[in-house]
Amino acid sequence: MSVIELTQSNFDETITSNEIVIIDFWAPWCGPCLQFAPTFKETSEKVEGVTFAKINTEEEQSLGAHFRIRSIPTLMIFRDGIGIFSQPGSLSGADLEDLLEKAKTIDMDEVRKELESQ
C-alpha cells in the first residue's frame, strides 16, 4: 500500500474511514525523518490492514500543534478513530512491523471502557 499525505482537509476522513492508521509526523529539513522515510515506505508495502500516512509539520502546522508534536519524527497510531500510540523517534522495519501487529491485537472494547471511565 502506498503512503498517503495527510492534511487538515483529509485528516478526519482518513482516521474515521480506516481501522488502523499510522502517522509519521516529519519535516523536509529533519535528517532523522529523511532517514526513516524509506523504512516507513517499505513497511507500508509489507503490512496488510494498516493505512500509512505522513504529515509534513512544516505545511500542516495546525495538526502538529493539535497533537503537541515537539520532536520529529513522531509516530502515532489510531485504531477505530482512537489514538492508541504516540512516540517520538524512528524504529527499525522489524520493530515497526511488530508494533503494528500489537496494535491489531488490542481489545478496543476495553480501550473504550477505559476512556469512558476517565
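This is a short chat about the fold of a predicted model and its helix H4.

User: What's in the protein, in terms of helices and strands?
Analyst: The predicted model has five helices and five strands. Along the sequence they run β-α-β-α-β-α-β-β-α-α.

User: And what radius of gyration does the protein have next to a compact globule?
Analyst: It's 14 Å, and a compact globule with 118 residues would sit near 13 Å, so the two agree. If you prefer a box, the C-alpha atoms fill roughly 40 × 30 × 20 Å along the principal axes.

User: How much of the protein is buried?
Analyst: Buried residues are 40% of the 118. The accessible surface is about 6,700 Å², with 48% of that from carbon and sulfur atoms.

User: Switching to H4. What span should it have, and what does the model give?
Analyst: H4 covers residues 93–105, and 13 residues at 1.5 Å each should span 18 Å; the end C-alpha atoms are 19 Å apart, which agrees.

User: Which residues in H4 are buried?
Analyst: Leu 96, Leu 99, Leu 100 and Ala 103. They cover an arc of only 95 degrees around the axis, so they're on the same side of H4.

User: Why would residues three or four places apart point the same way?
Analyst: An α-helix has 3.6 residues a turn, so that spacing brings them round to the same direction.

User: What's exposed on the other side of H4?
Analyst: Ala 94 and Thr 105.

User: And what do the buried residues of H4 pack against?
Analyst: Helix H2 (31–46), plus strands S2 (20–26), S3 (51–56), S4 (74–79) and S5 (82–88).

Terms used
Residues are numbered from 1 along each chain as its sequence is written. This is a predicted model: local features need pLDDT of at least 70, side-chain atom pairs count only at pLDDT 80 or more; totals for chains, interfaces and linings use all residues. Side-chain values use heavy atoms; hydrogens and water are left out. Helices (H or I, at least four residues) and strands (E, at least two) are DSSP runs, numbered from the N terminus. The expected span of a helix is 1.5 Å times one less than its number of residues. Buried means under 20% relative accessible area, exposed over 50%, partly exposed in between (1.4 Å probe, protein chains only). The arc is that of the directions from the helix axis to the C-beta atoms. Contact means heavy atoms within 4.5 Å. The radius of gyration is taken over C-alpha atoms; the globule rule is 2.2 Å times the number of residues to the power 0.38. Accessible areas come from the Shrake-Rupley method with a 1.4 Å probe; for residues, only the protein chains shown count as cover.
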